[in-house]
Amino acid sequence: MTEREQLLEQINRLVSSHALHGSESLCKLLRYLAKHAVDHPGVPIKEFQIATEVFGRSADFDPQLDSMVRVQAGRLRSKIAEYYSSDGLEDPLVVELPKGTYVLSFHPRNNTHAKSASAAVIAATAKESQEPERRWGTEVIALSIFLAAAILVIVWLMATRNAGPASLASESEPVPAAYRVFWKGFTSGPEEPWVVFSNAAFIGRPETGMRYRDAARDAGAPILDHYTGVGEVLAVHELDRVFGLLHRRIRVKRGSLFSLDDAKNNNLIFIGSPVENLSLLEIPGTQEFVFEQITSGPRKGDHAIINRHPQPDEGKEFFATPSGIPLTEDYALLGLVKGMNPGQSVLILAGNTTIGTQAAVEYVCRQSSLEELLLRLSVSQNGDLKPFEAVIRAKVARGVPVETELVAIRKTAF
């Protein structure tokens, strides 16, 4: 294997690692910096070059006014360090992004410290075998410290056992700023938001086969409205986790039980597209990206996300993998729109398929992707999130969304 191949293989390990999982923008930046380092060793890269070629910024990008590249480079630097402290402990090749530069460096792992540590352990073991009395004294001291700590813990538990969840929550780790900014509109009010998940109207029975209800053909047939997709189930669980971190609760309701009173009096989070979450048809929805059924062409009859005003390098239609073959790709819509009452907000998280819906919810429940979204919307840590619409592409493997990418975004008026 050539040196170039070894370097690029190490980059692939980083991109596929747990540390960078779900962070499409950082993976894209890492691959770009790696290619530059391999093709142009030692040649510096300017912020403007990265901003325009990696993140799609316009030609009037000013690094003095926009710190986006520096922020992303700092995040990437932290993720690389995280990788080499966990999954990459045994990797023979180390990748670094030194502070003050955007040029990656590669060097073989230095095992000197590991060998010194092993030698120290061996020496300490030998010394212990020669000095049993001294070791016993050390163990007594350690045991005394442990018992004292245990007593302190017991006292603390007795003092706080009646304090309730709020007191315990105050001792938890700080919630990432991206979570607070994105979800502020749904956590700052007195009422918990409703999470409305899709449960389409089906005809038939599970043991003999089900299909979507056709109003023209199935007027008198009994409706099954108590089924939903795997993605919706996992999505509700993920939202519950995030709101738990924010010390708030959610109320969950299936779409067939949704009422206009809910829409008028609550902040709402819709999970699933209007194809299955029919309650979405009763309220104002997104305008730039909408779900429609295709009426002609090779995908006739399929549903897709339609881009009503495509920008350069954007698609006009976003389809999932055609039916009949394993799902490998889907697109999902993220939309924050105004509610029926001015003070209420509606968040729509919906894919062409149930897996796309899961990807949409995971996108707004993960710190790395939320930070990317807020960056693209130019929302600071102290800013307010305004209405927006966006489309993400999700790569799917064995029925699980494994990678997401933001492909289109619009700021909209409230």
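**Which residues is Phe270 in contact with, leaving aside its neighbours within four places in sequence?** This close-up of a predicted model centres on Phe270, a residue of strand 7. Its contacts beyond those sequence neighbours are Val196, Phe258, Asn277, Ser279, Leu280, Ile283, Val346, Leu347, Ile348 and Leu349. Phe270 has a relative accessible area of 0%, so it counts as buried, the cut-off being under 20%. For a distance to check in your viewer, take Arg254: it sits 16 residues from Phe270 in sequence, and the two C-alpha atoms are 9.7 Å apart.

**The whole chain, before the next close-ups.** There are 414 residues here, and buried ones make up 40% of them. Twelve helices and 14 strands are assigned along the chain. If you count contacts with a separation of 6 or more, 59% of them join residues 24 or more positions apart. On the outside, the chain exposes about 23300 Å², with carbon and sulfur atoms supplying 56% of that area.

**A look into the largest nonpolar core.** This core has 39 residues. Those touching the most other members are Phe182, Trp183, Leu239, Ile269, Leu334, Val364 and Phe388. Helix 8 (residues 177-187) gives the largest share of the core, six residues. Apart from this core lies another one, with 31 residues, including Ala19, Leu26, Tyr83 and Leu97. As background, nonpolar side chains in soluble globular proteins tend to be buried together.

**Zooming in on Leu239.** Leave out residues up to four places away in sequence, and Leu239 touches Trp183, Val195, Ile250, Ile269, Ile271, Val361 and Cys365. Three names in this view, Leu239, Trp183 and Ile269, also appear among the core residues that touch the most other members.

**Helix 8 and what it packs against.** The buried residues of helix 8 are Ala178, Tyr179, Val181, Phe182, Trp183, Phe186 and Thr187. What do these buried residues pack against? On the helix side, the partners are helix 9 and helix 12. On the strand side, they are strand 7 (268-271), strand 11 (329-338), strand 12 (345-351) and strand 13 (388-397). When you trace the helix, remember that an α-helix has 3.6 residues a turn, so residues three or four places apart point the same way.

**The largest pocket, seen from its lining.** About 840 Å³ of space lies in this pocket. Its lining has 36 residues, and Tyr212, Val275, Glu276, His303 and Asn352 lie nearest the centre. Helix 9 (230-245), strand 8 (289-293) and helix 11 (354-363) each bring at least two residues to the lining. Sorted by class, the lining of the largest pocket holds 16 nonpolar, 15 polar and five charged residues.

**The second largest pocket, with strand 14 along it.** Here the volume is about 650 Å³. Of the 21 lining residues, Phe55, Gly56, Arg57, Arg376 and Leu406 are the closest to the centre. Two or more lining residues come from each of helix 2 (24-39), helix 4 (68-84), helix 12 (367-376) and strand 14 (400-411). Strand 14 gives the most, with six residues. By class, the lining of this second pocket counts eight nonpolar, three polar and ten charged residues.

**Gly399, in the loop just ahead of strand 14.** This glycine is found in the loop between strand 13 and strand 14. Is Gly399 buried, partly exposed or exposed? Its relative accessibility is 37%, so Gly399 counts as partly exposed, in between the 20% and 50% cut-offs. Leu327 is 72 residues away along the chain, yet its C-alpha atom and that of Gly399 are separated by 6.9 Å.

**Two loop residues with a positive phi.** Most residues other than glycine have a negative phi, which makes this pair handy for a backbone check. Asp313 has a positive phi of about 70° and sits in the loop between strand 9 (303-307) and strand 10 (317-318). Ser378 has a positive phi of about 60°, and its place is the loop between helix 12 and strand 13. Neither Asp313 nor Ser378 is a glycine. As for the surface, Asp313 is exposed because its relative accessibility is 84%, over the 50% cut-off. Ser378 is exposed as well, with a relative accessible area of 59%.

Methods: Residues are numbered from 1 along each chain as its sequence is written. This is a predicted model: local features need pLDDT of at least 70, side-chain atom pairs count only at pLDDT 80 or more; totals for chains, interfaces and linings use all residues. Side-chain values use heavy atoms; hydrogens and water are left out. A nonpolar core is a set of buried Ala, Val, Leu, Ile, Met, Phe, Trp, Tyr and Cys residues joined through side-chain atoms within 4.5 Å. Buried means under 20% relative accessible area, exposed over 50%, partly exposed in between (1.4 Å probe, protein chains only). Helices (H or I, at least four residues) and strands (E, at least two) are DSSP runs, numbered from the N terminus. Contact means heavy atoms within 4.5 Å. On a 1 Å grid over the protein atoms alone, a cavity is a set of points where a 1.4 Å probe fits but cannot get out, and a pocket is an open set with protein on both sides within 12 Å along at least five of seven lines; lining residues have an atom within 4 Å of a point. Grid points are joined across faces, edges and corners, and a volume is the space filled by probe spheres set on the points. Ala, Val, Leu, Ile, Met, Phe, Trp, Tyr, Cys and Pro count as nonpolar, Asp, Glu, Lys and Arg as charged, and the others, Gly among them, as polar. Accessible areas come from the Shrake-Rupley method with a 1.4 Å probe; for residues, only the protein chains shown count as cover.
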